[in-house]
Amino acid sequence: MASVLLYIDWPAIEGFPPVSQENHTYNIYVSAYEMITPAGSVSYELLNAQGSILIYRLIQYSSGMSMPAEIMGVPSFGPFYIHPKLLEKDVILEISEIDFVWQNEQGEYGVDSVVYFNGQECFRATLNERGLMIGVQYLQGGFVIMTELVESKRG
């Protein structure tokens, strides 16, 4: 039986970060063939808390249609946030047996939390100091999917 080397640098996290209580909307773009095309938006709205789980209503808008769903968040991370304590770590999770690494890198707008699998970047979240995702990039079906936070106008 082969042994698996596993490295986890998970801090003690109690309670949700304040950003987890907020509602946010992101624009979605698809990048293909050196073109970036708007592809809709996705909104997260906090519905309720069930112990150490938050339940959000996710509504994805695309091609004039809305697709509602429910999604969960836990104190460490949720659909649009990562706890700021995790952002203080260099390598959060590493599984050498499958060449999987989740690490933080200095980004242009804050911290980039990046997942690599077999040396290939497959997920990048750009976060501010509160742990709010301000942009996300990932691969899906051969296309790069990008999202960016849409700031709501108040006043």
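This passage looks at two pockets and at one residue, Thr-126. The model is predicted, so local features need pLDDT of at least 70 and side-chain atom pairs count only at pLDDT 80 or more, while totals for chains, interfaces and linings use all residues. Residues are numbered from 1 along each chain as its sequence is written, and side-chain values use heavy atoms, with hydrogens and water left out.

The largest pocket (an open set of points on a 1 Å grid over the protein atoms alone, where a 1.4 Å probe fits, with protein on both sides within 12 Å along at least five of seven lines) has a volume of about 480 Å³. Its lining (residues with an atom within 4 Å of a point) holds 22 residues, and Tyr-44, Pro-79, Phe-123, Val-136 and Tyr-138 lie nearest the centre. Strand E10 (133-140) is among the strands that supply at least two of these residues, and E10 gives the most, with 4. The lining has 17 nonpolar, 5 polar and no charged residues.

The second largest pocket has a volume of about 280 Å³. Of its 14 lining residues, Thr-126, Ile-134, Gly-135, Gln-137 and Thr-147 are closest to the centre. Here too E10 provides the largest share, 4 residues. This lining divides into 5 nonpolar, 5 polar and 4 charged residues.

Thr-126 itself belongs to strand E9 (residues 120-127). With 14% relative accessibility, Thr-126 counts as buried (under 20% relative accessible area, 1.4 Å probe, protein chains only). Beyond neighbours within four places in sequence, Thr-126 has contacts (heavy atoms within 4.5 Å) with residues including Tyr-109, Ile-134 and Gly-135.

Technical notes: Helix = DSSP H or I, 4+ residues; strand = E, 2+ residues; numbered from the N terminus. Buried < 20%, exposed > 50% of the residue type's maximum accessible area, 1.4 Å probe, protein only. Points joined across faces, edges and corners; volume = space filled by probe spheres on them. Nonpolar A, V, L, I, M, F, W, Y, C, P; charged D, E, K, R; others polar.
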